[in-house]
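Please open the model in your viewer and keep the sequence beside it. The tour below moves from one selection to the next and says what is found at each stop.

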Amino acid sequence: MAKDWLDSGNIDWADYDMEEDEILSHIVSLREMTEAGKMAWKLLSYSPPYFFIRNPFVEDMEASLSQRLLVEGTTTDGRTFRYQVMEMIHVPSGLCDIEIEEKQPATEYEIALSFDKQYEYLTSQKDVLNVYKGHPVVLFARTVAEQVRSENFRNLVKDPSRAFSAESLPAALAVLPIVRKAQKLFTSCDAIAFHELVLSNVMRENLGIKD
(Lines give C-alpha, C1' and ligand atoms only; values in the text may rest on other atoms or scores of the structure.)
Protein backbone atom coordinates (compact mmCIF):
# COMPACT_ATOMS: atom_id res chain seq x y z
CA MET A 1 0.00 0.00 0.00
CA ALA A 2 2.83 2.40 0.79
CA LYS A 3 4.24 1.89 -2.70
CA ASP A 4 0.85 2.85 -4.12
CA TRP A 5 1.23 6.27 -2.50
CA LEU A 6 4.79 6.59 -3.76
CA ASP A 7 3.52 6.00 -7.29
CA SER A 8 0.25 7.92 -7.09
CA GLY A 9 1.39 11.43 -8.05
CA ASN A 10 -1.53 12.93 -6.14
CA ILE A 11 0.39 15.46 -4.05
CA ASP A 12 1.38 18.95 -5.12
CA TRP A 13 4.99 19.39 -4.04
CA ALA A 14 5.70 22.66 -5.85
CA ASP A 15 6.59 24.42 -2.59
CA TYR A 16 8.90 21.69 -1.27
CA ASP A 17 12.56 21.08 -1.96
CA MET A 18 12.30 17.32 -1.61
CA GLU A 19 10.39 15.30 -4.16
CA GLU A 20 7.25 13.43 -3.19
CA ASP A 21 8.81 9.99 -3.56
CA GLU A 22 11.84 11.02 -1.46
CA ILE A 23 9.69 12.19 1.44
CA LEU A 24 7.33 9.22 1.40
CA SER A 25 10.22 6.77 0.97
CA HIS A 26 11.96 8.32 3.97
CA ILE A 27 8.83 8.01 6.13
CA VAL A 28 8.38 4.39 5.00
CA SER A 29 12.03 3.63 5.78
CA LEU A 30 11.77 5.04 9.31
CA ARG A 31 8.70 2.95 10.03
CA GLU A 32 10.22 -0.23 8.62
CA MET A 33 13.42 0.28 10.66
CA THR A 34 11.30 0.76 13.79
CA GLU A 35 9.28 -2.39 13.17
CA ALA A 36 12.51 -4.31 12.52
CA GLY A 37 13.91 -3.24 15.90
CA LYS A 38 16.60 -1.06 14.33
CA MET A 39 15.14 2.19 15.62
CA ALA A 40 13.45 3.33 18.84
CA TRP A 41 11.41 6.46 19.57
CA LYS A 42 11.05 8.55 22.70
CA LEU A 43 8.71 11.41 23.50
CA LEU A 44 10.36 14.80 24.05
CA SER A 45 7.29 16.99 24.57
CA TYR A 46 3.54 16.86 24.26
CA SER A 47 0.80 19.41 23.56
CA PRO A 48 -2.63 17.96 24.52
CA PRO A 49 -5.75 18.41 22.36
CA TYR A 50 -6.37 22.06 21.55
CA PHE A 51 -9.48 23.73 20.10
CA PHE A 52 -8.74 26.25 17.36
CA ILE A 53 -11.29 28.21 15.33
CA ARG A 54 -10.22 28.10 11.69
CA ASN A 55 -12.85 30.29 10.03
CA PRO A 56 -14.58 32.51 12.63
CA PHE A 57 -16.27 34.79 10.10
CA VAL A 58 -18.15 32.26 8.01
CA GLU A 59 -21.76 31.34 8.70
CA ASP A 60 -20.92 27.68 9.31
CA MET A 61 -18.02 28.03 11.71
CA GLU A 62 -15.16 25.56 11.34
CA ALA A 63 -12.60 24.57 13.95
CA SER A 64 -9.91 21.99 14.57
CA LEU A 65 -8.94 19.79 17.49
CA SER A 66 -5.25 18.92 17.44
CA GLN A 67 -2.51 17.40 19.56
CA ARG A 68 1.24 17.54 18.94
CA LEU A 69 3.94 15.06 19.87
CA LEU A 70 7.63 15.90 19.49
CA VAL A 71 9.49 12.61 19.17
CA GLU A 72 13.09 11.59 18.65
CA GLY A 73 14.12 8.36 17.01
CA THR A 74 17.54 6.76 17.45
CA THR A 75 18.86 4.00 15.23
CA THR A 76 21.01 1.14 16.46
CA ASP A 77 24.03 2.78 14.82
CA GLY A 78 23.46 6.06 16.70
CA ARG A 79 21.74 8.27 14.13
CA THR A 80 18.93 10.48 15.46
CA PHE A 81 15.83 11.91 13.83
CA ARG A 82 13.37 14.39 15.33
CA TYR A 83 9.79 14.85 14.20
CA GLN A 84 6.63 16.63 15.23
CA VAL A 85 3.51 14.55 14.72
CA MET A 86 0.31 16.60 14.71
CA GLU A 87 -2.98 14.71 14.76
CA MET A 88 -6.14 16.68 13.95
CA ILE A 89 -9.91 16.39 13.83
CA HIS A 90 -11.81 19.06 11.96
CA VAL A 91 -15.22 20.00 13.32
CA PRO A 92 -18.06 19.90 12.61
CA SER A 93 -17.09 17.62 9.67
CA GLY A 94 -15.18 15.16 11.89
CA LEU A 95 -12.56 14.55 9.21
CA CYS A 96 -9.13 13.64 10.55
CA ASP A 97 -5.75 14.77 9.28
CA ILE A 98 -2.17 13.97 10.28
CA GLU A 99 0.89 16.10 9.62
CA ILE A 100 4.51 15.04 10.11
CA GLU A 101 7.20 17.70 10.24
CA GLU A 102 10.92 17.04 10.34
CA LYS A 103 12.48 19.08 13.17
CA GLN A 104 16.20 18.33 13.06
CA PRO A 105 18.29 20.35 12.55
CA ALA A 106 15.48 22.53 11.21
CA THR A 107 12.25 21.98 9.33
CA GLU A 108 13.28 20.24 6.13
CA TYR A 109 9.83 19.14 5.06
CA GLU A 110 6.22 18.67 6.09
CA ILE A 111 3.88 15.98 4.86
CA ALA A 112 0.18 15.57 5.59
CA LEU A 113 -2.83 13.63 4.42
CA SER A 114 -4.47 16.89 3.37
CA PHE A 115 -1.63 17.56 0.90
CA ASP A 116 -3.16 14.81 -1.22
CA LYS A 117 -5.47 16.02 -3.98
CA GLN A 118 -8.19 13.50 -3.10
CA TYR A 119 -8.54 14.79 0.45
CA GLU A 120 -10.52 17.93 -0.39
CA TYR A 121 -13.25 15.85 -2.02
CA LEU A 122 -13.87 13.56 0.98
CA THR A 123 -16.94 14.29 3.07
CA SER A 124 -16.90 11.65 5.80
CA GLN A 125 -14.44 10.25 8.32
CA LYS A 126 -15.19 6.78 7.00
CA ASP A 127 -14.00 7.88 3.56
CA VAL A 128 -10.79 9.35 5.01
CA LEU A 129 -10.00 6.12 6.86
CA ASN A 130 -10.78 3.99 3.82
CA VAL A 131 -8.67 6.07 1.44
CA TYR A 132 -5.68 6.68 3.74
CA LYS A 133 -5.48 3.56 5.92
CA GLY A 134 -2.33 2.49 4.07
CA HIS A 135 -0.78 5.94 3.67
CA PRO A 136 2.82 6.17 4.99
CA VAL A 137 1.85 9.09 7.25
CA VAL A 138 -0.88 7.06 8.94
CA LEU A 139 1.32 3.99 9.33
CA PHE A 140 4.16 6.09 10.74
CA ALA A 141 1.85 7.82 13.24
CA ARG A 142 0.53 4.45 14.40
CA THR A 143 4.05 3.07 14.81
CA VAL A 144 5.25 6.09 16.82
CA ALA A 145 2.14 6.04 19.02
CA GLU A 146 2.78 2.39 19.84
CA GLN A 147 6.39 3.19 20.75
CA VAL A 148 5.50 6.02 23.16
CA ARG A 149 2.13 4.81 24.52
CA SER A 150 3.59 4.00 27.97
CA GLU A 151 5.07 7.50 28.45
CA ASN A 152 3.80 9.83 31.17
CA PHE A 153 2.35 12.41 28.81
CA ARG A 154 1.30 14.80 31.57
CA ASN A 155 4.92 15.18 32.70
CA LEU A 156 5.98 16.07 29.17
CA VAL A 157 3.27 18.62 28.37
CA LYS A 158 4.90 21.32 26.29
CA ASP A 159 2.93 24.22 27.79
CA PRO A 160 1.18 23.35 31.09
CA SER A 161 -0.50 26.76 31.26
CA ARG A 162 -2.23 26.45 27.88
CA ALA A 163 -6.02 26.24 27.96
CA PHE A 164 -8.16 23.93 25.83
CA SER A 165 -9.17 26.98 23.78
CA ALA A 166 -7.87 30.52 23.56
CA GLU A 167 -11.43 31.83 23.51
CA SER A 168 -14.92 30.75 24.51
CA LEU A 169 -16.12 27.70 22.62
CA PRO A 170 -18.94 28.52 20.16
CA ALA A 171 -22.15 26.99 21.52
CA ALA A 172 -22.89 25.12 18.29
CA LEU A 173 -19.54 23.33 18.43
CA ALA A 174 -19.12 23.00 22.21
CA VAL A 175 -22.06 20.57 22.40
CA LEU A 176 -20.63 18.17 19.83
CA PRO A 177 -19.71 14.81 21.46
CA ILE A 178 -16.31 14.78 19.77
CA VAL A 179 -15.47 18.24 21.16
CA ARG A 180 -16.61 17.28 24.67
CA LYS A 181 -14.50 14.10 24.47
CA ALA A 182 -11.45 16.02 23.26
CA GLN A 183 -11.82 18.44 26.17
CA LYS A 184 -11.77 15.52 28.62
CA LEU A 185 -8.66 14.13 26.91
CA PHE A 186 -7.07 17.57 27.18
CA THR A 187 -7.62 17.44 30.95
CA SER A 188 -6.36 13.86 31.31
CA CYS A 189 -3.49 14.32 28.80
CA ASP A 190 -4.51 11.03 27.22
CA ALA A 191 -2.58 11.20 23.97
CA ILE A 192 -3.24 7.60 22.99
CA ALA A 193 -7.00 7.95 23.38
CA PHE A 194 -6.97 11.06 21.17
CA HIS A 195 -4.79 9.19 18.65
CA GLU A 196 -7.45 6.47 18.55
CA LEU A 197 -10.20 9.08 18.24
CA VAL A 198 -8.39 10.43 15.16
CA LEU A 199 -7.80 7.09 13.47
CA SER A 200 -10.73 4.91 14.45
CA ASN A 201 -14.47 5.14 14.12
CA VAL A 202 -14.98 2.66 16.97
CA MET A 203 -14.46 5.27 19.70
CA ARG A 204 -16.63 7.69 17.78
CA GLU A 205 -19.42 5.14 17.57
CA ASN A 206 -19.17 4.71 21.34
CA LEU A 207 -19.79 8.44 21.61
CA GLY A 208 -22.90 8.10 19.49
CA ILE A 209 -21.28 9.67 16.42
CA LYS A 210 -22.53 8.20 13.16
CA ASP A 211 -20.45 8.52 10.04
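The largest cavity is lined by 7 nonpolar, 2 polar and 1 charged residues, and these make a good first selection. Keep in mind throughout that this is a predicted model.

**First stop: the cavity**

Select Gln-67, Leu-69, Val-85, Glu-87, Ala-141, Val-144, Ala-145, Ala-191, Ile-192 and His-195, which line the largest cavity. The space they enclose has a volume of about 60 Å³, and the count of cavities of 30 Å³ or more comes to 1. If you then colour β2 (62–75), β3 (80–91), α4 (136–148) and α7 (191–199), you will have marked elements that each supply at least two residues of this lining.

**Second stop: the whole chain**

Now zoom out and show the cartoon, where the chain has 8 helices and 5 strands. Following the sequence from its start, you will pass through the pattern α-α-β-β-β-β-β-α-α-α-α-α-α. Of the 211 residues, 47% count as buried, and among the contacts with a separation of 6 or more, 60% are between residues 24 or more positions apart.

**Third stop: the nonpolar core**

In soluble globular proteins, nonpolar side chains tend to be buried together. Here the largest nonpolar core has 57 residues, and Trp-41, Phe-51, Leu-65, Val-71 and Val-91 are those with the most contacts inside it. Select Leu-65 and display its surroundings: leaving aside residues up to four places away in sequence, Leu-65 touches, among others, Tyr-50, Phe-51, Met-88, Ile-89, Phe-164, Ala-182 and Phe-194. Glu-87, which you selected as part of the cavity lining, is also one of the residues that Leu-65 touches.

**Fourth stop: the aromatic rings**

A pair of aromatic rings is described by the distance of the centres and the angle of the planes. The whole structure holds 8 aromatic pairs. One of them joins Trp-41 and Phe-140, which stand edge-to-face at 5.5 Å centre to centre, with 85 degrees between the planes. Trp-41 is in strand β1 (residues 39–55) and Phe-140 in helix α4, so that the pair links parts of the chain 99 residues apart. Both Trp-41 and Phe-140 are buried.

Next, select Tyr-46 and Phe-153, another edge-to-face pair, with 5.3 Å from centre to centre and 65 degrees between the planes. Because Tyr-46 lies in strand β1 and Phe-153 in the loop between α4 and α5 (171–174), this pair ties together parts that are 107 residues apart in sequence. Tyr-46 counts as buried because its relative accessibility is 0%, and Phe-153 is buried too, with a relative accessible area of 6%. Before leaving the rings, return to Trp-41 and add Tyr-83, Tyr-109 and Phe-140, since these residues form one aromatic cluster.

**Fifth stop: the pocket**

The largest pocket has a volume of about 160 Å³. Of the 11 residues that line this pocket, select Pro-92, Ser-93, Gly-94, Ile-178 and Ile-209, the closest to its centre. By class, the full lining has 6 nonpolar, 2 polar and 3 charged residues.

**Last stop: Ser-188**

Is Ser-188 buried, exposed or partly exposed? With a relative accessibility of 35%, Ser-188 counts as partly exposed. Ser-188 is found in helix α6 (residues 177–188). Add Pro-48 to the selection and draw a line between the C-alpha atoms of the two residues: they are 140 residues apart along the chain, and the C-alpha atoms are separated by 8.8 Å.

Conventions: Residues numbered from 1 in each chain as written. Predicted model: local features only at pLDDT ≥ 70, side-chain atom pairs only at ≥ 80, totals over all residues. Heavy atoms only, no water. 1 Å grid on protein atoms, 1.4 Å probe; cavity = no way out; pocket = protein on both sides within 12 Å on 5 of 7 lines; lining within 4 Å. Points joined across faces, edges and corners; volume = space filled by probe spheres on them. Helix = DSSP H or I, 4+ residues; strand = E, 2+ residues; numbered from the N terminus. Nonpolar A, V, L, I, M, F, W, Y, C, P; charged D, E, K, R; others polar. Buried < 20%, exposed > 50% of the residue type's maximum accessible area, 1.4 Å probe, protein only. Core = buried A, V, L, I, M, F, W, Y, C linked by side-chain atoms within 4.5 Å. Contact = heavy atoms within 4.5 Å. Phe/Tyr/Trp six-rings, centres within 6.5 Å; stacked < 30°, edge-to-face > 60°.
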